[in-house]
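This report covers a helix residue, its helix, a nonpolar core and the cysteines. Please keep the model open while reading.

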Amino acid sequence: RDDPACLSFFIHSSVESRVQKTVERHGVTVEEAKNMMEKTDKSRAAYYNYYSYKTWGAAETYHLCIDSSVLGIDGTVQFIKQFVKLKLGF
């Protein structure tokens, strides 16, 4: 985190999109998918908050926040690549 070339991203998606992907990937019901997402989000938040001394999901703690349900996965990857090139001058 002290490296000036280190960039931080928060990639999120709509609940509907996340539920759909979780159901497809894990073959679970919608309710099970929501429960899985809730547990995973709590775990991610606890880990991030503990190790970064910042708040997980708070936009001001990241260089870039992206809703991947808008651009799709491939579009989000391309967007991040372009951001890195611009930010780091590649």
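## Threonine 22

In this predicted model, threonine 22 has 12% relative accessibility. Buried means under 20%, so threonine 22 counts as buried. The residue sits in helix H1.

What does the side chain of threonine 22 reach? The partner is the backbone oxygen of arginine 18, at 2.8 Å. Leaving aside residues up to four places away in sequence, threonine 22 touches Gly27, Val28, Ala33, Met36 and Met37.

## Helix H1

Helix H1 runs over residues 15-26, twelve residues in all. The expected span is 1.5 Å times one less than the number of residues. That gives 16 Å for H1, and the end C-alpha atoms are 16 Å apart, so the two values agree.

Which residues of H1 are buried? They are Ser17, Val19 and Thr22. These buried residues pack against two helices: H2, residues 30-52, and H3, residues 68-88. Among the contacts of threonine 22 are Ala33, Met36 and Met37. After H1 comes glycine 27. Its phi is positive, near 60 degrees. Glycine 27 is also one of the residues that threonine 22 touches.

## The nonpolar core

In soluble globular proteins, nonpolar side chains tend to be buried together. Here the largest nonpolar core has five residues: Leu7, Leu64, Ile66, Ile80 and Phe83. Two elements each give two or more residues to this core. They are strand E2, residues 64-67, and helix H3.

What does leucine 7 touch, beyond residues up to four places away in sequence? Its contacts are His63, Phe83, Val84, Lys87 and Leu88. Phe83, itself a core member, is therefore in contact with leucine 7 at heavy atoms within 4.5 Å.

## Cysteines

How many disulfides does a search of the whole structure find? The count is zero. Cysteine 6 is in none, and the nearest cysteine sulfur, that of cysteine 65, is 14 Å away.

Why does cysteine 65 form no bond with cysteine 6? A disulfide needs the two sulfur atoms within 2.5 Å. The sulfur of cysteine 65 is 14 Å from that of cysteine 6, its closest cysteine sulfur, so the pair is too far apart for a bond.

Are these cysteines buried, exposed or in between? Cysteine 6 has 34% relative accessibility, so it counts as partly exposed. Cysteine 65, at 31%, also counts as partly exposed.

Terms used
Residues numbered from 1 in each chain as written. Predicted model: local features only at pLDDT ≥ 70, side-chain atom pairs only at ≥ 80, totals over all residues. Heavy atoms only, no water. Buried < 20%, exposed > 50% of the residue type's maximum accessible area, 1.4 Å probe, protein only. Helix = DSSP H or I, 4+ residues; strand = E, 2+ residues; numbered from the N terminus. Core = buried A, V, L, I, M, F, W, Y, C linked by side-chain atoms within 4.5 Å. Polar contact = N/O pair within 3.5 Å; in protein donor to acceptor, adjacent residues only side chain to side chain.
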